Amino acid sequence: MNHRIKQTPTAKKPVSIHRDSASAPAWPSFQGNAQLVGTSPSGRVTVYVDSSLGQEAQQNAQDLLNDADRVVAANYGIFGTTGGPVSVIVFALGGATDGTGGADHMGCDYVTGAAIEVDASYGNSARVSALFEAELSECSMNGNLCGLSTGEALSRWCAAVVSNNALSDFATAPQWAQDGLPDFVTRTDPTDQSADSIGCGMAFLSWLQSNGSTMSQVAPAMVGLGDSGTLAQLYAQLTSDAASNAWPNFQSAVQGLPNGVTSDDPFGALVASPATTGAQAPAQISAALRLASSLKPVVAKAALCPPKSKRLLPPQQKK
């Protein structure tokens, strides 16, 4: 079973190696011929592409290779930890070539989840980078929040921050609002496939950030709370207010929205930042990765998250 949901310049353009690679990892679902595109300058990301696809998929893969170290540096900054090397393949996941096929990997750590699949998105490589970050962020959770609504919301927020919300069509918060705003703040849903619970998490994290919390505070706190943690406990930890106030205060804030919940960021917390979105100079990326090397590495823990599909999909699709 398997865990299925901008291009930047580099100082020296990575060499594109157009050959079939016998060293490609075992992918969660891809069964075709994986063509090696190259390895990022840091050596942390190796990119492949389905050799049967055409130039548009090749461009997606090359753009991801060019952007990979920026995404990695941003991800490390969000979690305050470093991780191991990963491989990623770009192909028509689920038969789609517009990004809606989502992304997949087998586990929420850098050992079982290091082989990442992302859907091609012809003409829009920002979506490919976003899909990559969605799975990479789960590796940084290191076996925590695996297969839970809290972990899924966190990974989607990481993807939104790193890509300037390139997966806006994956939004789940509007569905949560339409379904009556069920409470997944005081309880955590033991699934990563419910639009209602993921949507509640997305809107709640939007609210927290609009009130001053940052993703670099949110992500480590959620990982630290672990599988038994709730968004109410996260609120208490970040605000020093009582956890019992989280749900009523959030409800009141949602009811006060002039236009209701129309996106995953109803409180407008997502602001494009040069640190995480858009083009960065190679020197900036290198500096960020050097800084990341001083962070605490992610140490693999006893298996809390059995390897199986961790697939990211838009809310209207099912595994």
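Which residue with a positive phi follows helix 2? Select Asn-142: this residue comes after helix 2, and its phi is near 55°.

**Before you start**

The model is predicted, so local features are given only where pLDDT is at least 70 and side-chain atom pairs only at pLDDT 80 or more, while totals for chains, interfaces and linings use all residues. Residue numbers run from 1 along each chain as its sequence is written, and side-chain values use heavy atoms, with hydrogens and water left out. Helices (H or I, at least four residues) and strands (E, at least two) are DSSP runs, numbered from the N terminus.

**Stop 1: helix 2**

Select residues 125-140, which make up helix 2. Its 16 residues should span 22 Å at 1.5 Å a residue, and the end C-alpha atoms are 23 Å apart, which agrees. The expected span is 1.5 Å times one less than the number of residues. Of the 16 residues, 16 are buried, so helix 2 is largely enclosed by the rest of the structure. Buried means under 20% relative accessible area, exposed means over 50%, and partly exposed lies in between (1.4 Å probe, protein chains only).

**Stop 2: helix 1**

Move to residues 55-79, the 25 residues of helix 1. From first to last C-alpha this helix reaches 35 Å, close to the expected 36 Å. Centre the view on Asp-67 to find a kink of about 45°. The bend at a residue is the angle between axes fitted to the seven residues ending there and the seven starting there. In helix 1, 21 of the 25 residues are buried, so the rest of the structure largely encloses it. Just past its end, Gly-80 has a positive phi of about 70°.

**Stop 3: the nonpolar cores**

Next, show Val-118, Phe-132, Leu-154, Val-185, Phe-204, Leu-205 and Phe-250, the residues with the most contacts inside the largest nonpolar core, which has 77 residues. A nonpolar core is a set of buried Ala, Val, Leu, Ile, Met, Phe, Trp, Tyr and Cys residues joined through side-chain atoms within 4.5 Å. Helix 1 gives the most to this core, with 11 residues. A second, separate core has nine residues, including Trp-27, Phe-30, Phe-91 and Leu-93.

Now pick Leu-154. Apart from neighbours within four places in sequence, Leu-154 is in contact with Phe-79, Met-141, Leu-145, Leu-205, Met-215, Val-218, Ala-219 and Met-222. Contact means heavy atoms within 4.5 Å.

**Stop 4: helix 6**

Select residues 215-225, helix 6, where Met-215, Val-218, Ala-219, Ala-221, Met-222 and Val-223 are buried. The cover over these buried residues includes helix 1, helix 3, helix 5 and helix 7. Gly-226, just after helix 6, takes a positive phi of about 75°.

**Stop 5: helices 5 and 8**

Show helix 5 (residues 195-210) with helix 8 (residues 246-255): their axes come within 11 Å and cross at roughly 85°. Axes are lines fitted to C-alpha atoms, for helices over the stretch in contact, and angles run from 0 to 180 degrees between N-to-C directions. The two helices are therefore roughly perpendicular to each other, a term for angles of 65 to 115 degrees. On the helix 5 side, select Cys-200, Ala-203, Phe-204 and Trp-207; they meet Ala-246, Asn-249, Phe-250 and Ala-253 of helix 8.

**Stop 6: helix 7 and the loop after it**

Ala-236 sits in helix 7 (residues 231-239) and is partly exposed, at 23% relative accessible area. Measure across to Ala-246: the two residues are 10 apart in sequence and 7.5 Å apart in space, C-alpha to C-alpha. Then find Ser-240 in the loop between helix 7 and helix 8. Ser-240 is not a glycine, yet its phi is positive, near 65°. At 71% relative accessibility, Ser-240 is exposed.

**Stop 7: Asn-165**

Go to the loop between helix 3 (149-163) and helix 4 (173-178) for Asn-165. This non-glycine residue has a positive phi of about 60°, and at 32% relative accessibility it is partly exposed.

**Stop 8: two strand residues**

Val-90 lies in strand 5 (residues 86-91) and is buried, at 0% relative accessible area. Its C-alpha is 6.1 Å from that of Ala-61, a residue 29 places away in sequence. Finish at Gln-35 in strand 2 (residues 34-39), which is buried at 11% relative accessibility. Gln-35 and Asp-50 are 15 residues apart in sequence, with 6.1 Å between their C-alpha atoms.

Notes. Parallel < 35°, antiparallel > 145°, perpendicular 65-115°, else oblique.
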